[in-house]
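Colleague: Could you walk me through this one slowly? I'd like to know how its parts fit together.

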Amino acid sequence: MKRICTPGLLLGLALALPAMAQDAGHTGHDAHEAQDSHAGHDAHAAQDSHAGHDAHAGAIQYPAQRWSPDQPLSEGMQRVRAATAALSHGDHGHLDQAQVDNIAAELQSAVDAMFAQCKLEPEPDAALHPLLARVLGAATTLRENGFDADALATLEQVLADYPRLFDDPAWSESQSD
């Protein structure tokens with residue numbers, strides 16, 4: 001099995017997050033081609049050619065048969081779900097900045113633990129990267145801006161996408177989304 005934390009993953013996330021922040025309205029391949037002049041895109045393209053376009057645009061390719069997560073992935077995604085549930089209270093103005101900062105730190109910690117401990121085969125590992133990049137982007141937004149409804153929506157979408165990719169018995173047994 002392959003460790004999820006690879007130099008290529010770290011480079012990909014480092015390049016993907018700023019690009020995602022620069023153009024949150026990015027909707028298609030034509031818009032991506034228009035960004036080709038961005039300095040980070042050349043490194044991104046050199047790393048994975050066209051393979052990264054779908055991940056960059058937010059499109060997820062769901063497998064015909066869902067993958068089995070390892071224990072660290074399952075536990076990490078449970079942490080992301082719990083943090084997202086706590087963040088949902090911000091929709092009603094029930095969170096102060098310290099609470100939002102704690103939620104952002106928990107999201108970051110959950111992803112860091114998954115990077116350090118998850119061991120997946122290459123295909124599910126690659127499918128997981130866009131989800132984790134979106135969690136990291138939401139955590140950054142929360143740290144920088146406080147509660148943000150778009151960050152909450154991003155996290156909720158990650159939680160909806162995860163069970164479409166991974167057949168996680170712990171996910172089914174816990175509260176439904």
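Modeller: Let us begin with one pair of helices, keeping in mind that this is a predicted model. The axes of helix 6 (residues 97-117) and helix 7 (residues 122-145) come within 9 Å, and they cross at roughly 155°.

Colleague: How do helix 6 and helix 7 run, roughly parallel or roughly antiparallel to each other?

Modeller: Angles over 145 degrees count as roughly antiparallel, and helix 6 and helix 7 are therefore roughly antiparallel to each other. Their crossing is left-handed.

Colleague: Which residues make the contact there?

Modeller: From helix 6 the contact includes Val 100, Ala 104, Leu 107, Val 111 and Phe 115, while helix 7 contributes, among them, Leu 132, Val 135, Leu 136 and Ala 139. Sorted by class, the contact of helix 6 with helix 7 has 11 nonpolar, 2 polar and 2 charged residues.

Colleague: And helix 5, at what angle does it pack with helix 6?

Modeller: Helix 5 (residues 71-87) packs with helix 6 at an angle of about 170°, and the two axes are 9 Å apart. That angle makes helix 5 roughly antiparallel to helix 6. The residues in contact include Leu 73, Met 77, Val 80 and Ala 83 of helix 5, together with Ile 103, Leu 107, Ala 110 and Met 114 of helix 6. By class, this contact has 12 nonpolar, 3 polar and 2 charged residues.

Colleague: What about helix 5 and helix 8, is their crossing left-handed or right-handed?

Modeller: The crossing of helix 5 and helix 8 is left-handed, and their axes come within 10 Å at roughly 145°. Leu 73, Met 77 and Val 80 are among the helix 5 residues in this contact, and they meet a set from helix 8 that includes Leu 152, Leu 155, Leu 159 and Tyr 162. The residues of this contact divide into 9 nonpolar, 2 polar and 2 charged.

Colleague: Changing topic, how many salt bridges are there?

Modeller: The count comes to 4 salt bridges. One of them joins Asp 167 to Arg 66, with the closest N and O atoms 3.1 Å apart. Asp 167 lies in the loop between helix 8 (149-165) and helix 9 (169-173), and Arg 66 in the loop between helix 4 (53-57) and helix 5, so the pair ties together parts that are 101 residues apart in sequence.

Colleague: Where does pLDDT stay under 50?

Modeller: It stays under 50 over residues 1-57. Where pLDDT is low, the predicted coordinates should not be read in detail. For the protein, the mean pLDDT is 74, and 64% of its residues reach 70 or more.

Notes:
Residues numbered from 1 in each chain as written. Predicted model: local features only at pLDDT ≥ 70, side-chain atom pairs only at ≥ 80, totals over all residues. Heavy atoms only, no water. Axes fitted to C-alpha atoms, helices over the stretch in contact; angles between N-to-C directions. Helix = DSSP H or I, 4+ residues; strand = E, 2+ residues; numbered from the N terminus. Parallel < 35°, antiparallel > 145°, perpendicular 65-115°, else oblique. Left-handed = near helix turned anticlockwise from the far one by under 90°. Contact = heavy atoms within 4.5 Å. Nonpolar A, V, L, I, M, F, W, Y, C, P; charged D, E, K, R; others polar. pLDDT = per-residue confidence, 0-100. Salt bridge = Lys/Arg side-chain N within 4 Å of Asp/Glu carboxyl O.
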